[in-house]
Amino acid sequence: METQSQDSRGSKQPKISVWQKPICEWTVEDVCRWLKSTAFAGSALMVDMATIHAVSGRALLRLTDGKLEKMGIVGKSQRQELMEQVLQLRLQREMEDLLQITEA
């Protein structure tokens, strides 16, 4: 779904929702927006860590339990919950790739 946003000059520009972009093209801001939209415990901490460590969509897809622990997400249940969410994103990405292949 496209919406309108204003740039610094006040001109209206089409704004593409983060969920319409391929995950590997997400910016750090997009990742933070996604983290805020999820309902798991500790999402505020996750947003802070994503900002501090500049986690883009490409980096998000490559996160591991060990990387999350090094980033400061010490709660095993928090890491596991985030990894489950990231797995969902990976599956979504694979489905998008397969759809592109079949449409070509």
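**Notebook: a predicted model, residue by residue**

**Entry 1. Thr-38**

I began with Thr-38, which has a relative accessible area of 12% and is therefore buried, since buried means under 20%. I noted at once that the structure before me is a predicted model. I then asked where Thr-38 is placed. I located Thr-38 in the loop between H1 and H2. Next I looked up what lies beside its side chain. A polar atom of the Thr-38 side chain is 2.7 Å from the backbone oxygen of Leu-35.

**Entry 2. The chain as a whole**

I next turned to the overall layout. I recorded five helices and two strands in the protein chain. Reading from the N terminus, I wrote the order of elements as β-β-α-α-α-α-α. The protein chain has 104 residues, and 28% of them count as buried. Thr-38, at 12%, is one of the buried residues.

**Entry 3. Asp-30**

I moved on to Asp-30, which I found in helix H1, residues 28-37. Is Asp-30 buried or exposed? Its relative accessible area is 5%, so I entered Asp-30 as buried. I then listed what the side chain of this residue meets. One polar contact joins the side chains of Asp-30 and Lys-21, at 2.5 Å. The backbone nitrogen of Thr-27 is also recorded, 3.0 Å from a polar atom of the Asp-30 side chain.

The pair of Asp-30 and Lys-21 returned when I looked up salt bridges. Their closest N and O atoms are 2.5 Å apart, and the two residues form a salt bridge. Side chains of opposite charge can pair when their charged atoms come close. I compared the surroundings of the two partners: Asp-30 is buried at 5%, whereas Lys-21 is partly exposed, with a relative accessible area of 22%. I also noted that the pair belongs to a network of salt bridges that links Lys-21, Glu-29, Asp-30 and Arg-33.

**Entry 4. Asp-65 and its partners**

How many salt bridges are counted in the structure? I entered a count of five. Two further entries in my list involve Asp-65.

Arg-79 forms a salt bridge with Asp-65, and the closest N and O atoms of the two are 2.9 Å apart. This pair links distant parts of the chain, for Arg-79 is in helix H5 and Asp-65 is in helix H4, 14 residues away. I looked up the accessibility of Arg-79 and entered it as buried, because its relative accessibility is 4%.

Lys-76 also forms a salt bridge with Asp-65, with 3.6 Å between the closest N and O atoms. Here too distant parts of the chain are linked: Lys-76 belongs to helix H5 and Asp-65 to helix H4, with the two residues 11 residues apart. Asp-65 has a relative accessibility of 27%, so I recorded it as partly exposed.

**Entry 5. The cavity**

I then looked up enclosed space. A search of the whole structure gave one cavity of 30 Å³ or more. I noted a volume of about 60 Å³ for the largest cavity. Its lining includes Leu-35, Val-55, Leu-60, Leu-63, Ile-73 and Leu-82. Met-46, Met-49, Ala-50, Leu-68 and Met-71 are also among the lining residues. Leu-35 was already in my notes, as the residue whose backbone oxygen lies 2.7 Å from a polar side-chain atom of Thr-38.

Which helix gives the most to the lining of the largest cavity? I found that H2 does, with three residues. Helix H2 spans 43-52 and helix H4 spans 65-71, and each of them supplies at least two residues of the lining.

**Entry 6. Ala-54**

I looked up Ala-54 for its backbone angle. Its phi is near 50°, a positive value in a residue other than glycine. I placed Ala-54 in the loop between H2 and helix H3, the latter covering 57-61. Ala-54 has a relative accessible area of 48%, so I entered it as partly exposed.

**Entry 7. A nonpolar patch**

My last search concerned the surface. I recorded a nonpolar surface patch of about 330 Å². Which residues make this patch? They are Met-95, Leu-98 and Ile-101. I traced Leu-98 to helix H5, residues 76-103. Helix H5 was already in my notes as the place of Arg-79, the partner of Asp-65 in helix H4.

How values were computed
Residues are numbered from 1 along each chain as its sequence is written. This is a predicted model: local features need pLDDT of at least 70, side-chain atom pairs count only at pLDDT 80 or more; totals for chains, interfaces and linings use all residues. Side-chain values use heavy atoms; hydrogens and water are left out. Helices (H or I, at least four residues) and strands (E, at least two) are DSSP runs, numbered from the N terminus. Buried means under 20% relative accessible area, exposed over 50%, partly exposed in between (1.4 Å probe, protein chains only). A polar contact is a pair of N or O atoms within 3.5 Å; within protein, one must be able to donate a hydrogen and the other to accept it, and residues adjacent in sequence count only if both atoms are side-chain atoms. Patches are made of residues with over 30% relative accessible area and no salt bridge: like charges are joined within 9 Å, nonpolar side chains (Val, Leu, Ile, Met, Phe, Trp, Tyr) within 5 Å. Accessible areas come from the Shrake-Rupley method with a 1.4 Å probe; for residues, only the protein chains shown count as cover. A salt bridge is a side-chain nitrogen of Lys or Arg within 4 Å of a carboxyl oxygen of Asp or Glu. On a 1 Å grid over the protein atoms alone, a cavity is a set of points where a 1.4 Å probe fits but cannot get out, and a pocket is an open set with protein on both sides within 12 Å along at least five of seven lines; lining residues have an atom within 4 Å of a point. Grid points are joined across faces, edges and corners, and a volume is the space filled by probe spheres set on the points.
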